[in-house]
Structure formats: structure tokens, C-alpha cells
Amino acid sequence: MKKSKHDCDLQSCFLCKLCVKDWLPAVALNRKNFDLKKGELIFKEGDPVTGVGFVYSGNVKVHKKWGNDKELILRFASSGAIFGHRGLSTTLYPISATALEPTKVCYFDLDFFLSSLKVNHEFAYNLIMFLAEDLQESEKRMRNLAHMSVKGRLAQSLLSLKDQFGLTEQGAINVELTRQDLASFAGATYETVFRILNELAAHNMISSNGKSLTLLDTDKLLALTTDTNLD
């Protein structure tokens, strides 16, 4: 990672918003701002845990190995969001983190992050609530992998992306993913996702323009998420 020439504003990330004001000078002293290129790895599964990061601008995908040559994207961290927290209870990161686009992150060494938890009760409380939601979402995704059809999982993934990133002025989902990343998020193969996207487009549920995807009929997509039949 390349050290950034410009520091963050101490207002945007999860930690800065929730810590007590008297703690901000310590945050400023201990922050490490990095600029990442699109596709640049921040840390990989199995690396020693060194700290926790926050996204200042851009987007980060959090993923892990799935089989011998596949990956499963667990979540996306956008502006202000935390990542790397899954390594807090272990010595090695159980996940990887990669920049989806040119991204700026704010990184804190583990000792300082743990000190921040002890000093900032509101931050600690909100982190606990976030972890609970994150766990619920992970359990839901594991259940979907076992019981939901691939078409349903892809529809659910598209709806989740819309909810997280919103829409552009043109009505497209406000994040551009490769078809491989979309497949990794849905827990499917590239070939299957490519085929199903074409089917959804043929039935006027979505439209695509390169990596840009527009949801034309969210009600029909939502109905697909109740389908437990095999594709």
C-alpha cells in the first residue's frame, strides 16, 4: 500500500464519528492513511493480524477462499465502514480485503484500536451492534447458499447491492462489479451468473450496459428470492 499524501478529515469513519472529542487528537496521531489502486490487496487470508481499517473513500471487498480456486465475497465496505474486525479474536486474518476501485483507507494498529474500544463506550457499543448484524447477515448468507436457488441468490445479491450503494442518476446500481465479483458475491460460478443475467434481462427484470446494472422490476426479483428450487 502507498502512504497517502493527504490525511483523512477525522469526521467520516465509524471511529471518528463515535469517539469522544478528546480522543480525536489520539486518532490523528495514530492513523495511517493509504491510497490503493483498483484490485490492490490490503491483506490476505492467513496474514498475521496487525490492525483494523476504515474506508475513507472508495470501496473494499471482504472475501475468503471457497474451495480450491474460488472465492466468496462476504461483504462490501464502503465509505466510513470498518474492515479487518474479523481478525480481532485471532492472530491470523480469516478473510482477505481488496480495493474494488481507487480507494483511500485509514488504518490503525491493533493496540491503539483496542485502546479506543476501552475509552470510547459509544463506539464500543455501536461496534457490538454492528458485529451482531454482521453475524446475522453471514448466517443468512450461509443458509441461502444451502437452500436458495442460484437465481434466487443472484436476485438477492442485486437487491442487496441496490440497498447498500443506491442508484445513479440514470437508475443503475451505484457500483460497478465485474461479473466474476458478482458471481463470488452470489456464491455461484461465472458461467451460471452470465446465463442467469441474460435470462433476467430477457424477462425485463434487469438491463445491463457493460458493468453497469439497472434493476427494472424489483418485485419480480424479490419473488425469486423465495425460490428454493434448483436452477
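**Group meeting: rings, a pocket and a few residues**

A search of the whole structure finds 12 aromatic pairs. Here, rings of Phe, Tyr and Trp (its six-membered ring) pair if their centres lie within 6.5 Å; planes under 30 degrees apart count as stacked, over 60 as edge-to-face, and the rest as tilted.

Some ground rules. This is a predicted model, so local features need pLDDT of at least 70 and side-chain atom pairs count only at pLDDT 80 or more, while totals for chains, interfaces and linings use all residues. Residues are numbered from 1 along each chain as its sequence is written, and side-chain values use heavy atoms, with hydrogens and water left out.

Back to the rings. One stacked pair is Phe-108 with Phe-112. Their centres are 5.6 Å apart, with 25 degrees between the planes. Are these two buried or exposed? Phe-108 is buried, at 0% relative accessible area. Phe-112 is buried because its value is 11%. The cut-offs: buried is under 20% relative accessible area, exposed is over 50%, and partly exposed is in between, with a 1.4 Å probe and protein chains only. Both residues belong to a cluster linked by ring pairs. Its other members are Phe-14, Trp-23, Phe-54, Phe-113, Phe-123 and Phe-130.

Next, Arg-31. Find it in the loop between helix H2 (24-30) and strand S2 (32-36). Helices (H or I, at least four residues) and strands (E, at least two) are DSSP runs, numbered from the N terminus. Arg-31 counts as buried because its relative accessibility is 16%. Its side chain reaches the backbone oxygen of Ala-28 at 3.4 Å. Leaving out residues up to four places away in sequence, Arg-31 touches Asp-7, Cys-8, Leu-10, Cys-106, Tyr-107 and Phe-108. Contact means heavy atoms within 4.5 Å. So Phe-108, from the stacked pair, turns up again.

Leu-10 is on that contact list too. It sits in the loop between strand S1 (2-3) and helix H1 (14-18). It is partly exposed, at 21%. Its phi is near 60 degrees, a positive value in a residue other than glycine. Why point that out? Because most residues other than glycine have a negative phi. Asn-204 also has a positive phi, about 60 degrees, and is not a glycine. Look for Asn-204 in the loop between helix H7 (190-202) and strand S10 (206-209). Asn-204 is exposed, at 54%.

Now Thr-98, in strand S8 (residues 96-99). It counts as buried, at 8%. Its contacts, not counting residues up to four places away in sequence, include Gly-39, Leu-41, Asn-59 and His-63. Thr-98 and Ala-124 are 26 residues apart in sequence, and 25 Å apart in space, C-alpha to C-alpha.

Last stop: the largest pocket, with a volume of about 560 Å³. Of its 22 lining residues, the closest to its centre are Leu-74, Arg-75, Glu-137, Gln-164 and Phe-185. A pocket, on a 1 Å grid over the protein atoms alone, is an open set of points where a 1.4 Å probe fits, with protein on both sides within 12 Å along at least five of seven lines; lining residues have an atom within 4 Å of a point. The volume is the space filled by probe spheres set on the points.

Which element gives the most to the lining? H4, with eight residues. Strand S6 (71-77), helix H4 (121-147), helix H5 (150-165) and helix H6 (179-186) each supply at least two.

Notes
Polar contact = N/O pair within 3.5 Å; in protein donor to acceptor, adjacent residues only side chain to side chain.
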